[in-house]
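Thanks, everyone, for making the time this morning. I would like to walk through one model with you, starting from a single residue and working outwards to the whole fold.

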Amino acid sequence: MATKLIVDTDIGTYYDDAFAVLLAARSPEIDLLGVTTVYGDTDLRSRIARKVLDVAGRQEVPVARGIGRPISGHALMFGFEGQNILEDSDGVQDQGWLDEPAPNFLIRHIMDHPGEVTVVTLGAVTNVAVAYLMEPRIAQHVKEVIMMAGVIVPIVDQKGVRRSPVEEYNFNNDPTAAQIVCRSDLPKTLVPIDVTLQIPLRPDQVETIRASSDPVARLVTGILDVWPPQERQIYLSVGIPTEHTGLWLHDPLTVALAHDKSFCEMTPLHISAEFAPTPIERDLLERNDILRTIPRKLEPNMDVAVTVEADRFTDHFTDRMVGR
Ligand SMILES: [Ca+2]
């Protein structure tokens, strides 16, 4: 039976959210109940989600606009959201999303289908945290929450350069929400960036997508055209060494795990979301306001992805983007 899935996303800021929504829309293993938006301008993000679903021929999949303002911290919009996705003629006449807010949408579907609904979070976890505060019983009724977030085993390359950021993005975009979710009894799976930094789209896979006339592949190609400069801007903003920019499929992997955990090796761990003194090499300073995901020798509170079958996953992704 297909996995009932809700994708909660900050689509727009980071290219791969759109790819993740497209993968969910194109996977017969997934029964896509809806897409919810989070973080910053969620009107704009909802318009982008609507457009992406429509291109994939999934006009029936609803979009629910979520919470733009984090419980703590500030939302950052880079200004290129929607580039090469939205056109002037898109969605200005119609709202394109539900009146029901994202936390209510999450609660309703989870409570209506006990034990069946998976929620994948691809941005700040504000919507899930608020849904949990509104209705704590979702913890007993949701199948699982799979979160693209955190850093567990920082990658250091042969030159001694740290490839993983210390300023992890998604949890730190709303650290209070992240702590609520991590400390909750929601069943959780974490897909940290040190794993997703192992799955760049390969040049031959890019060529396969560029050569396809499939409408989804055409949309992906348009995004690929603006990807590198956006990537560089984001890396400079969040402190990742820019020599390690790449076509990383962070969010699509997280979606694929909803129906096939075998793409990754998983291990149960206790991950504590804490503020800890953090040296920022780039800025030559130490900060105390960064939420870290630190393993502790305590009873496991989530499953954590630790390795990934890179070629198998990126081939799977490429096939789905070209309609295979
Ligand atoms: Ca994202």
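Let me begin with L224, which has its place in helix 9, residues 215-238. Please keep in mind throughout that what you have on the screen is a predicted model. Is L224 buried, exposed or partly exposed? It counts as partly exposed, because 17 C-beta neighbours lie inside 10 Å, and a residue needs 20 or more to be called buried. If you look across from L224 to N84, you will find the two C-alpha atoms 9.2 Å apart in space, although 140 residues separate them in sequence.

T189 makes a useful second stop, and you will find it in strand 6, which covers residues 188-191. This residue is buried, with 21 other C-beta atoms within 10 Å. Leaving aside residues up to four places away in sequence, T189 touches E144, I146, L257, M302 and D303. N301 also belongs in this picture, since its C-alpha atom is separated by 9.0 Å from that of T189, with the two positions 112 residues apart along the chain.

Now to the overall fold. The secondary structure comes to 11 helices and 11 strands. The radius of gyration is 18 Å, close to the 20 Å that the globule rule gives for 324 residues, so the protein is as compact as a globular protein of that length. Taken along the principal axes, the C-alpha atoms fill a box of roughly 45 × 45 × 35 Å, and buried residues make up 49% of the 324 residues. If we consider contacts between residues at least 6 apart in sequence, 83% of them join residues at least 24 apart.

What about the interior? In soluble globular proteins, nonpolar side chains tend to be buried together. Here the largest nonpolar core has 95 residues, and the members that touch the most others are V7, V21, L22, A24 and V181. The largest share of this core, 8 residues, is contributed by helix 1, residues 16-26. To take A24 as an example, its contacts, again not counting residues up to four places away in sequence, are L5, V7, I30, L32 and V255.

Two further helices deserve a closer look. In helix 3, residues 102-112, the buried positions are A102, P103, F105, L106, I107, H109 and I110. These buried residues pack against several elements, including strand 1 (3-9), strand 2 (30-37), strand 4 (117-121) and helix 4 (126-134). Helix 6, residues 175-183, is largely enclosed by the rest of the structure, because 7 of its 9 residues are buried. Those residues are P175, A177, A178, Q179, I180, V181 and C182, and they pack against helix 4, strand 7 (264-275) and strand 10 (291-296).

I will finish with a pair of helices. How do helix 8 and helix 11 lie relative to each other? The axes of helix 8, residues 203-210, and helix 11, residues 310-321, come within 9 Å and cross at roughly 10°, and the two helices are therefore roughly parallel to each other. On the helix 8 side the contact is made by Q205, T208 and I209, and on the helix 11 side by T314, T318 and M321. By character, these residues divide into 2 nonpolar, 4 polar and no charged.

That is where I will stop, and I am happy to go back to any part of the model.

How values were computed: Residues numbered from 1 in each chain as written. Predicted model: local features only at pLDDT ≥ 70, side-chain atom pairs only at ≥ 80, totals over all residues. Core = buried A, V, L, I, M, F, W, Y, C linked by C-beta atoms within 7 Å. Buried ≥ 20, exposed ≤ 12 C-beta atoms within 10 Å, placed from the backbone. Helix = DSSP H or I, 4+ residues; strand = E, 2+ residues; numbered from the N terminus. Contact = placed C-beta atoms within 7 Å. Rg over C-alpha atoms; globule rule 2.2 N^0.38 Å. Axes fitted to C-alpha atoms, helices over the stretch in contact; angles between N-to-C directions. Parallel < 35°, antiparallel > 145°, perpendicular 65-115°, else oblique. Nonpolar A, V, L, I, M, F, W, Y, C, P; charged D, E, K, R; others polar.
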